[in-house]
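User: I am new to this structure and would like a close look at one part of it. Please keep the sentences short.
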Amino acid sequence: GVGQCVGIPYEPTTEDVARFFAGSGIAWLSPDHPNLAAIKTVLTVQALPVVVVVNNDDGQVVTEWGRDAIEYDPVMAVDAWRRGESGVPLGRRLCCIS
């Protein structure tokens, strides 16, 4: 099932960000990670910072909206990801796209 969240920062990680992600279960990649460019390509990352949710069973991306889902409602987000959904209501996604 869904089990891996990958965070990719826009800039070097601050102490506050590091503290937040320390116990979150999100794999937070540093901006100088040696494979960052390849990871961004594989996950089709368009903008930073981002949290991408990946299905551990098949490697498919569940959502690239992980950061928005966490900010909106972290508990609902995890439940939605387990169902293979983005965790962000459509209205919020449309608002953010326009």
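Which residue follows α4, and is its phi positive or negative? Please describe the helix and what lies around it.

Analyst: The residue after α4 is Gly 84. Its phi is positive, near 85°.

First, the setting. This is a predicted model. The protein averages a pLDDT of 74, and 71% of the residues score at least 70. Confidence varies by element: helix α2 (residues 36-42) has the highest mean pLDDT, 85. Helix α5 (residues 90-97) has the lowest, 56.

The protein has five helices and four strands. From the N terminus, their order is β-α-β-α-β-β-α-α-α. Of its 98 residues, 28% count as buried. The protein exposes about 6,200 Å², and carbon and sulfur atoms supply 54% of that area. Among contacts with a separation of 6 or more, 37% join residues 24 or more positions apart.

Now the helix itself. Helix α4 covers residues 74-82. At its start, a side-chain oxygen of Asp 73 comes to within 3.3 Å of the backbone nitrogen of Val 75.

Next, the two sides of α4. Its buried residues are Ala 77, Ala 80 and Trp 81. These three span an arc of only 100° around the axis, so they sit on the same side of α4. Val 75 and Arg 82 are exposed on the other side. A general rule helps here: an α-helix has 3.6 residues a turn, so residues three or four places apart point the same way.

Trp 81 leads to another part of the chain. Thr 63, in strand β4 (residues 61-63), is in contact with Trp 81. Beyond its neighbours within four places in sequence, Thr 63 also touches Val 51, Val 52, Val 53 and Ser 86. Thr 63 has 4% relative accessibility, so it counts as buried. Its side chain also reaches the backbone nitrogen of Trp 65, at 2.8 Å.

Charged pairs come next. Side chains of opposite charge can pair when their charged atoms come close. A search of the whole structure finds three salt bridges.

One of them lies within α4. It joins Arg 82 and Asp 79, with N and O 3.9 Å apart. The two residues are three apart, about one turn of the helix. How covered are they? Arg 82 has 62% relative accessibility, so it counts as exposed. Asp 79 has 37%, so it counts as partly exposed.

Another bridge lies just past the helix. Glu 85 pairs with Arg 83, and their closest N and O atoms are 3.0 Å apart. Glu 85 is partly exposed, because its relative accessibility is 37%. Arg 83 has a relative accessible area of 53%, so it is exposed. Gly 84, with its positive phi, follows α4.

The remaining bridge is in helix α3 (residues 66-72), between Glu 71 and Arg 67. Their closest N and O atoms are 3.6 Å apart. The pair is four residues apart in α3, so about one helical turn separates them. Arg 67 has 37% relative accessibility, so it is partly exposed.

To sum up, α4 has a buried side with Ala 77, Ala 80 and Trp 81. Val 75 and Arg 82 are exposed on the other side. Arg 82 also takes part in a salt bridge with Asp 79. Gly 84 comes after the helix, with phi near 85°.

Terms used: Residues are numbered from 1 along each chain as its sequence is written. This is a predicted model: local features need pLDDT of at least 70, side-chain atom pairs count only at pLDDT 80 or more; totals for chains, interfaces and linings use all residues. Side-chain values use heavy atoms; hydrogens and water are left out. A salt bridge is a side-chain nitrogen of Lys or Arg within 4 Å of a carboxyl oxygen of Asp or Glu. Buried means under 20% relative accessible area, exposed over 50%, partly exposed in between (1.4 Å probe, protein chains only). The arc is that of the directions from the helix axis to the C-beta atoms. A polar contact is a pair of N or O atoms within 3.5 Å; within protein, one must be able to donate a hydrogen and the other to accept it, and residues adjacent in sequence count only if both atoms are side-chain atoms. Contact means heavy atoms within 4.5 Å. Accessible areas come from the Shrake-Rupley method with a 1.4 Å probe; for residues, only the protein chains shown count as cover. pLDDT is the predictor's confidence in each residue, from 0 to 100.
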